Amino acid sequence: MERRPLLGLMGGAAIGALGLGLSSSAALAQEVTLTLHHFLAAQANVPTHILDVWADRVEEDSEGRIKVDRYPSMQLGGTPGELYDQAVSGSADVIWTVVGLTPGRFPSTEVFELPFMVTDARAASHAYWKMFEESMQEEFADVKMLATWVHGPGVIHTEDPVAQPSDLRGMQLRGPSRLTVQLLEALGATPVGMPIAQTPESLSRGVINGAVMPWEVTPSLRIPELVENHTEFEGEMLYTVTFVLAMHQPTYDALPDDLKEVIDSNSGLEFSIFAGGTQQDYDAPGREMAEDMGNNIITISDDEAEEWKVLAEPIYDRWIADMEGRGKDGQALIDRARELMAEYEAAD
């Protein structure tokens, strides 16, 4: 199989050094350009406050020997659901994507997407990385994993107010993942799968009546301008979504050891916690925008959420049975995730 060039812009002297097998000190003169591809607009919170932070740190710590070219909004082509495979094939060197865009492909990660499972994005992102290292590497064996995280609380954004599950009947809502689609069905709504970038147009054209997403992404999508009602939950999150930042493995393997260390030192557990926490922190400005516009924000208390949790409970049973069919112990994954999240919260 023909291999694409792995290293980006390389000086002629460095190429000569590599080709002649000269000393590592000569090879260190090389320059590497990485492409970073994702589906959000460049000004959205995740690119601005997470992905650019990672890329800037890599460039700085490599003393300019690594350059990261950033391509937002699918500028390198393809669809959001194809991002992971772009990292596998090397058509992009680094990608950030929603795991649920390829439903069922990475089943273990769904433990964090179960309804009312997560209370804090930092704790869940900590647990997610730990469980990736313990038991998920086989599912992601064809990439170099850089970070794993979740966003803050999922919120229901609708044209009409939603204060109880029955209010969702007859509504068509955009759902981001397999388990969220199941949750919306259990609550009485009709889920519509679509990339998040299509949500504003779908709302404005009346294709959907609302969407579920965290507060942090709503300003960049103009959600508070398109719908006037928002339903949030205290305590346990209605849902969250899992993300991965992943790299083309041969690109990583081709780096000299000191540049691998630059990638490694800016990735992993701490960056995963930073990413999840940062995304959750930016929920506040999104919520404030809706407040400033005079929108109706409905907060479901822990007691009021019991009705919602009862309706969502069968999703756990179905997921555990599905995991068993895949040769995985779903209950053990749930127990381990809860254990790791509790450990983080106790130590915080």
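1. Glu63 sits in the loop between H3 and S2. In this predicted model, Glu63 has a positive phi of about 55° although it is not a glycine. The residue is exposed, its relative accessible area being 72%.

2. A second non-glycine residue with positive phi is Phe116, where the angle is near 55°. Phe116 belongs to the loop between strand S3 (94-98) and H5. Is Phe116 buried or exposed? With 8% relative accessibility, Phe116 counts as buried, the cut-off for that class being under 20%. Glu63, by contrast, is exposed at 72%. Anyone checking backbone angles will find these two residues in loops, Glu63 in the one between H3 and S2 and Phe116 in the one between S3 and H5.

3. The structure holds 20 salt bridges. One of them joins the side chains of Glu59 and Arg70, with an N to O distance of 3.4 Å. Glu59 lies in helix H3 (residues 45-61) and Arg70 in strand S2 (residues 66-71), so this contact ties together parts that are eleven residues apart in sequence. Both ends are partly exposed: Glu59 has a relative accessible area of 23%, and Arg70 has one of 29%.

4. Lys328 and Glu139 also meet through their side chains in a salt bridge, at 3.0 Å from N to O. The two residues are 189 apart in sequence, and the pair links distant parts of the chain. Lys328 is in the loop between H14 and helix H15 (330-347), while Glu139 is in the loop between helix H5 (121-136) and strand S4 (144-150). The two ends fall into separate accessibility classes: Lys328 is partly exposed at 26%, whereas Glu139 is buried at 15%. Glu139 is placed in the buried class because its 15% is under the 20% cut-off.

5. Arg336 forms a salt bridge with Glu339, and the closest N and O atoms are 2.9 Å apart. What separates the two along helix H15? They are three residues apart in that helix, which means a separation of about one helical turn. Arg336 is partly exposed at 24% relative accessible area, and Glu339 is partly exposed at 39%. Elsewhere, salt bridges that share partners join Asp52, Asp56, Glu59 and Arg70 into one network. The Glu59 and Arg70 contact of point 3, at 3.4 Å, thus involves two members of that network.

6. Phe140 lies in the loop between H5 and S4, the loop that also holds Glu139. Phe140 is buried, with a relative accessible area of 3%. From Phe140 to Thr79 the C-alpha to C-alpha distance is 20 Å, and the two residues are 61 apart in sequence.

7. Strand S5 (residues 154-158) deserves its own entry. Five of its five residues are buried, so the strand is largely enclosed by the rest of the structure. Which residues of S5 lie on each side? Gly154, Ile156 and Thr158 are on one side, with Val155 and His157 on the other; both faces are covered, and all of these residues are buried.

8. The pairing of S5 involves two strands named here. S5 pairs with strand S8 (residues 210-214) in the antiparallel sense over five bridges, and the bridge partner of Val155 in S8 is Met213. With strand S9 (residues 229-233), S5 runs antiparallel and is joined by three bridges. In that pairing, Ile156 stands opposite Thr231. Val155 and Ile156, the two S5 residues in these contacts, point to opposite sides of the strand and are both buried.

9. On the surface, a patch of negative charge is formed by Glu234, Asp302, Asp303 and Glu304. Where is Asp303 found? Asp303 occupies the loop between strand S11 (296-300) and helix H14 (306-325). Asp303 counts as exposed because its relative accessibility is 69%, and the cut-off for that class is over 50%. Electrostatic work on this model would meet the patch of Glu234, Asp302, Asp303 and Glu304 at the surface.

Terms used
Residues numbered from 1 in each chain as written. Predicted model: local features only at pLDDT ≥ 70, side-chain atom pairs only at ≥ 80, totals over all residues. Heavy atoms only, no water. Patch = residues over 30% accessible without salt bridge, like charges linked within 9 Å, V, L, I, M, F, W, Y side chains within 5 Å. Areas by Shrake-Rupley, 256 points an atom, 1.4 Å probe, with all protein chains shown as cover. Salt bridge = Lys/Arg side-chain N within 4 Å of Asp/Glu carboxyl O. Lys, Arg positive; Asp, Glu negative; His and termini not counted. Charge placed at Lys NZ, Arg CZ, Asp CG, Glu CD. Helix = DSSP H or I, 4+ residues; strand = E, 2+ residues; numbered from the N terminus. Buried < 20%, exposed > 50% of the residue type's maximum accessible area, 1.4 Å probe, protein only. Pairing = 2+ DSSP bridges.
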